[in-house]
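Dear colleague,

I am handing over the structure we spoke about, and below it you will find what came out of a first look. Please read the notes with the coordinates open beside them.

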Amino acid sequence: MDLILALDVNNTTEAYRLADQTADSVDLFKVGLELFTREGPELVRNLRNDGHRIMLDLKLHDIPNTVAEAVRSCCDLGVELLTLHATGGPAMIEAAAEAREREGSDTKLLPVTVLTSMNQEQLIAIGIDRSPADQVLRLASMALQAGAQGLVCSPMELESLRQHHGQSPHLVTPGIRPAGSSVDDQQRIATPAAAKTWGASAIVVGRPIRKATHPNQAAQHIKDMCR
């Protein structure tokens, strides 16, 4: 199981510092909206040139042609994992998968099912009258049939997704908190060891590593929990 560090910082200096500090313990680095919108593709290229594996977490969600062109651009950056929103629907995901194939890329497309900050109350507020678990399964089946290579889901749905879809999908799990850590703005969380037991291919950890006095030691401690 891979450990992904969320580089949720707002400048390249901090991003490069964290990547350098934790490279021995972290498998991939997640570049999300906060950092990408400020620093752009050049940051991703530089991290790749330094030998780092990248998860580009843009959660693409638009009409199929627009998403397809964005996927082509992201594949050109050499990112290993790329997120999009499953709620974009099957046509959007199919267009993304076709663009990936045309590029001859190994980038894995990972639709996000239900954000880990969402709970039942918030789903109802946007007109979805089913539980987060049921919504995840519905979107997961659609996304995988449309050509996605994996999914982003909370740890709470890992076991169910493995039961329904086997070991093939690449399941990336945010909402990971070591025992005793603050839950911050996450709703559906678990420990690293539980996520591994339940079937995660990779876990995403941010603040427990970034805010640690010694980030590399914190990252290694999380990996040790999963052995």
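Accessible areas here come from the Shrake-Rupley method with a 1.4 Å probe. On that footing the protein chain, which is a predicted model, exposes about 10200 Å², and carbon and sulfur atoms supply 45% of this area.

As to the overall fold, the protein chain has 11 helices and 8 strands, and its C-alpha atoms fill a box of roughly 45 × 35 × 30 Å when this is taken along the principal axes. A compact globule of 227 residues would have a radius of gyration near 17 Å, and the protein chain, at 17 Å, therefore agrees with that expectation. Of the 227 residues, 51% count as buried, and among the contacts with a separation of 6 or more, 68% come from residues 24 or more positions apart. Turning to charge, the chain carries 22 positive and 28 negative charges, whose mean positions are 2 Å apart.

The helix I would draw your attention to is α11, which spans residues 215-225 and in which Pro-215, Ala-218, Ala-219 and Ile-222 are buried. These residues cover an arc of only 100 degrees around the axis, which means that they sit on the same side of α11. An α-helix has 3.6 residues a turn, so residues three or four places apart point the same way. The cover over the buried residues of α11 includes two strands, β1 (2-6) and β8 (202-205), as well as the helices α1 (12-22), α9 (192-198) and α10 (207-210).

Two single residues also deserve a note. Lys-59, which lies in strand β3 (residues 53-60), has a positive phi of about 50 degrees although it is not a glycine. Is Lys-59 buried or exposed? Neither term applies, because its relative accessibility of 25% makes Lys-59 count as partly exposed, given that buried means under 20% and exposed over 50%.

The second residue, Ala-133, belongs to helix α7 (residues 132-145), and with a relative accessibility of 36% Ala-133 likewise counts as partly exposed. How far apart are Ala-133 and Ala-97 in space? From C-alpha to C-alpha the distance is 25 Å, while in sequence Ala-133 and Ala-97 are 36 residues apart.

With best regards

Key:
Residues numbered from 1 in each chain as written. Predicted model: local features only at pLDDT ≥ 70, side-chain atom pairs only at ≥ 80, totals over all residues. Heavy atoms only, no water. Buried < 20%, exposed > 50% of the residue type's maximum accessible area, 1.4 Å probe, protein only. Helix = DSSP H or I, 4+ residues; strand = E, 2+ residues; numbered from the N terminus. Arc of directions from axis to C-beta. Contact = heavy atoms within 4.5 Å. Rg over C-alpha atoms; globule rule 2.2 N^0.38 Å. Lys, Arg positive; Asp, Glu negative; His and termini not counted. Charge placed at Lys NZ, Arg CZ, Asp CG, Glu CD.
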